[in-house]
Amino acid sequence: MSLTNTDKKEIERIARKEIKDFVGSVKFEKDVVDVVDSELKKKNSKISKTHRAEVVDVSTKVLIELYKTFWLRRSFWDSQIKNVK
């Protein structure tokens with residue numbers, strides 16, 4: 001049984017919604033913050049807590065902007081992914 005175009009569009013819509021919900025979730029942000037914080041602690045423990053908070057905030061914003069850029073330019077990479085079998 002083959003998927004119709006309507007089915008494909010519905011799947012795409014659901015996937016977009018799930019990704020948007022996940023990226024906007026507190027869990028995703030907390031995971032990013034934890035990773036950045038742990039890496040900062042490994043590299044340089046002399047960084048003050050306020051600087052750490054600023055770096056974590058900037059890193060979170062960068063990841064969100066990266067996701068948005070990937071989404072806006074999906075036509076560039078989307079066709080290449082669809083061709084992989």
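1. Lysine 61 and aspartate 57 are four residues apart in helix α3, so about one helical turn separates them, and in this predicted model their side chains meet in a salt bridge with an N to O distance of 3.3 Å. A salt bridge here means a side-chain nitrogen of Lys or Arg within 4 Å of a carboxyl oxygen of Asp or Glu. Helices are DSSP runs of H or I with at least four residues, strands are runs of E with at least two, and both are numbered from the N terminus.

2. Is aspartate 57 buried, partly exposed or exposed? With a relative accessible area of 39%, aspartate 57 is partly exposed, where buried means under 20%, exposed means over 50% and partly exposed lies in between, computed with a 1.4 Å probe and protein chains only. Aspartate 57 can also be placed relative to valine 36, which is 21 residues away along the chain, since the C-alpha atoms of the two are separated by 9.7 Å.

3. Helix α3 holds another such pair, for glutamate 65 and lysine 68 both lie in this helix, three residues or about one turn apart. Their side chains meet in a salt bridge at 3.8 Å, N to O. Glutamate 65 is partly exposed at a relative accessible area of 44%, and lysine 68 likewise counts as partly exposed, at 42%.

4. A pair in helix α1, which covers residues 5-23, can be read in a similar way. Glutamate 10 and arginine 13 are three residues apart in α1, and therefore about one helical turn lies between them; their side chains meet in a salt bridge of 2.6 Å, N to O. Glutamate 10 is partly exposed with a relative accessible area of 37%, and arginine 13 is partly exposed with 43%. As background, side chains of opposite charge can pair when their charged atoms come close. How many salt bridges does the rule give? The count comes to four.

5. How are helices α1 and α3 placed relative to each other? Their axes come within 11 Å and cross at roughly 165°, which means that α1 runs roughly antiparallel to α3. The axes are lines fitted to C-alpha atoms, for helices over the stretch in contact, and the angles run from 0 to 180 degrees between N-to-C directions. Angles under 35 degrees count as roughly parallel, over 145 as roughly antiparallel, 65 to 115 as roughly perpendicular, and the rest as oblique. The crossing is left-handed, a word used when the near helix is turned anticlockwise from the far one by less than a right angle, whereas clockwise would be right-handed.

6. Phenylalanine 70 sits in helix α3, which spans residues 49-72, and is partly exposed, with a relative accessible area of 46%. Together with Leu63 and Leu66, Phe70 forms a nonpolar surface patch with about 260 Å² of accessible area. Patch residues have over 30% relative accessible area and no salt bridge, with like charges joined within 9 Å and nonpolar side chains (Val, Leu, Ile, Met, Phe, Trp, Tyr) within 5 Å. Accessible areas come from the Shrake-Rupley method with a 1.4 Å probe, and for residues only the protein chains shown count as cover.

7. Taken as a whole, the protein has four helices and zero strands, so that its elements, read from the N terminus, run α-α-α-α. Of its 85 residues, 9% count as buried, and the protein exposes about 7600 Å², of which carbon and sulfur atoms supply 61%.

8. Two remarks on the basis of these values may help. Residues are numbered from 1 along each chain as its sequence is written, and side-chain values use heavy atoms, with hydrogens and water left out. Because the model is predicted, local features need pLDDT of at least 70 and side-chain atom pairs count only at pLDDT 80 or more, while totals for chains, interfaces and linings use all residues.
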